[in-house]
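Please take the sequence and the structure below together, and follow the explanation from the contact between the chains back into a single chain.

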Amino acid sequence: MEPKAAMWCSSAVSDDASNLAISPFDLEGARAALSRRLAVDSAEHAQNSEREHALVERAKADPGAFAAIYRAHYTGIVGYLYRRVGHEHTAEDLATETFIKAMRSLPRYQSRGLPLKSWLLRIATNEAHRWARRNRRRSGSPPRNAGHEAPAHTARPDDERRRIVQEAFLALPAKWQDVLALHHLEGLGMEQAAMVLRCRAGTVKSRLSRARDGLRRELERRRYTHE
Amino acid sequence: MSKPNETRRRTPDDIVNSALELMSVRAWPGPERNPRIEDHIMNVPLGNRTTTRKLCIGGLLLLLGGTAIGAATTSIITQRFTGYAEDADGNRFEVEGIIQIDQVEGEEGATITIEKAPDQPLNHAELRLEDGQVLRMTPTTTDTRSGPTAGPVQPPKK
C-alpha cells in the first residue's frame, strides 16, 4: 500500500502536466510544472506554519486560545487513536488525556520546525503505549479490542477480518505499531514519522520493514485471508 | 496491461497491504467534539477576559426534562449557550458561554461559564442552549464576589 503523501505527489505531477498540455516526452516541462507546484505548496506551508506559530504563542499566554488548537486537531488525533486501538471509547479517553497533557505542556512547547500536529501525535502515541502497558499488566497478554467485536451471529466477514487484523496489530511490539500506524495509517512520510518518534528516518525505514514482517507472521498465525 | 483471465501471483506483501488498508479506511465514527476536553479548557483561569460565575442550582431535575435530565443524572453534559443577562440596575447584556451539568454526591449542579460578562453581579439570565432549550434563572442570594447563586430554574419559555 502506498502512503497518502506519495499519492499526493504523483497526482500533483499529472494535474499540472494535463493543464499545461505537456507531451509525455517533455520532461523539462513536467519538472517545471512540478517545481512550480512545490513552490506554491511550500509558500502555503510557510504561511500555515506562521499562523500555527502565532496560535501556539497566543495559547501559551491565554489557555482559552487552546480551544482553537483543540478544534483544529481533535478529529485527526482521535481518528489516529481509533485506528490504532480499534475501540471508540478507548480512543476518546486517550484523546482526552492527549489534549489535557498538551494543554499543560504547551508553555514548554518549542516548535523547532516540528508541526504542532506531529507534537500532538507524539503525545497520543505515548498515551497509546501507556494504554497497552496497562492492559498487558492486567491481562498478561496484548490488549484485545473487545469493544469492536460484533456478536458472532451478527458479525459480517469484514468485521471478522477487521477484528483479526486489529488483534494481530496490537500483538506487535509498540515500536513496530508506531511506524505502521504513522506511515501506513496516517500517511506520514519517513521523515515526518521520524520527527514524531524522535529518531532518524533510516531507523523508521528499518523498523517498518521488520514491522511488516511481524504483522504478516501474526496475520498468518491467525489464518487471516484477504479475499 | 494484464489479461482479463490472468490471475496475479500473490506476494507476501499482499496480505500485509490488505490488512493495513482495512485499518486505514476506518474513519472516526464518534462525535467531533469532546465535552471533557472542552470542560477542561473552560475551567482553566482565563485572566481578565472572561468572568466565571458559578450558579448552584437546586432542584435542577425540574428544569429541562428529556435529554438534559437523563444526561445529568448519569453523567456530565456540556453545552454552549447564548442569551442575555441583567444586572441589578436592569442593564441588559448579551452573553454566551458554556453550561455544564453534573452530579456530585447525588445532587445536581450546574456550572455556567459566561464569556465576556460584565463585572457587576447578574440579577437574571435567560440562556438558550444548543439543543434549543431555554434556561431562565433568578438568583436567591447574591454574592458580590462570585456572582449570584441561582434558585430553582423556571420552566422553559414557550
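**From the interface into chain A**

In this predicted model, B:Arg36 and A:Asp93 form a salt bridge in which the closest N and O atoms are 2.8 Å apart. A:Asp93 belongs to helix α4 of chain A and B:Arg36 to helix α2 (residues 35-43) of chain B, so the pair joins two chains. Neither partner counts as buried or as exposed, because A:Asp93 is partly exposed at 39% relative accessibility and B:Arg36 is partly exposed at 41%.

The count between chain A and chain B is one salt bridge, alongside eleven residue pairs in polar contact, both residues at pLDDT 80 or more. The side of chain A that touches chain B draws two or more residues from each of α3 (66-85), α4 (88-105), α6 (157-170), α7 (174-185) and α9 (201-221), and α4(A) gives the most, with ten residues. Sorted by class, this side of chain A holds 20 nonpolar, nine polar and 13 charged residues. Taken as a whole, the interface brings 42 residues of chain A into contact with 33 residues of chain B, and the area buried between the two chains is about 3600 Å², with 67% of that area coming from carbon and sulfur atoms.

Chain A itself has nine helices and zero strands. Of its 227 residues, 45% are buried, while its accessible surface comes to about 12200 Å², 52% of which belongs to carbon and sulfur atoms. Among the contacts in chain A between residues at least 6 apart in sequence, 62% join residues at least 24 apart.

Helix α4 also takes part in a salt bridge inside chain A, where the side chains of A:Glu127 and A:Lys101 meet at 2.7 Å, N to O. A:Glu127 lies in helix α5 (residues 116-139) and A:Lys101 in helix α4, so this pair ties together parts of chain A that are 26 residues apart in sequence. The two partners differ in their cover, because A:Glu127 is buried at 3% relative accessibility, whereas A:Lys101 is partly exposed at 26%.

A further salt bridge joins A:Arg216 and A:Asp213, with the closest N and O atoms 3.7 Å apart. Both residues lie in helix α9 of chain A, three residues apart, which is about one turn of the helix, and A:Asp213 counts as partly exposed at 34% relative accessibility. Elsewhere in chain A, salt bridges that share partners join A:Lys101, A:Glu127 and A:Arg130 into one network. Over all chains, the count comes to 14 salt bridges.

Notes. Residues numbered from 1 in each chain as written. Chains lettered and ligands numbered in written order. Predicted model: local features only at pLDDT ≥ 70, side-chain atom pairs only at ≥ 80, totals over all residues. Heavy atoms only, no water. Helix = DSSP H or I, 4+ residues; strand = E, 2+ residues; numbered from the N terminus. Buried < 20%, exposed > 50% of the residue type's maximum accessible area, 1.4 Å probe, protein only. Contact = heavy atoms within 4.5 Å. Areas by Shrake-Rupley, 256 points an atom, 1.4 Å probe, with all protein chains shown as cover. Buried area = accessible area lost by both parts, 1.4 Å probe. Salt bridge = Lys/Arg side-chain N within 4 Å of Asp/Glu carboxyl O. Polar contact = N/O pair within 3.5 Å; in protein donor to acceptor, adjacent residues only side chain to side chain. Nonpolar A, V, L, I, M, F, W, Y, C, P; charged D, E, K, R; others polar.
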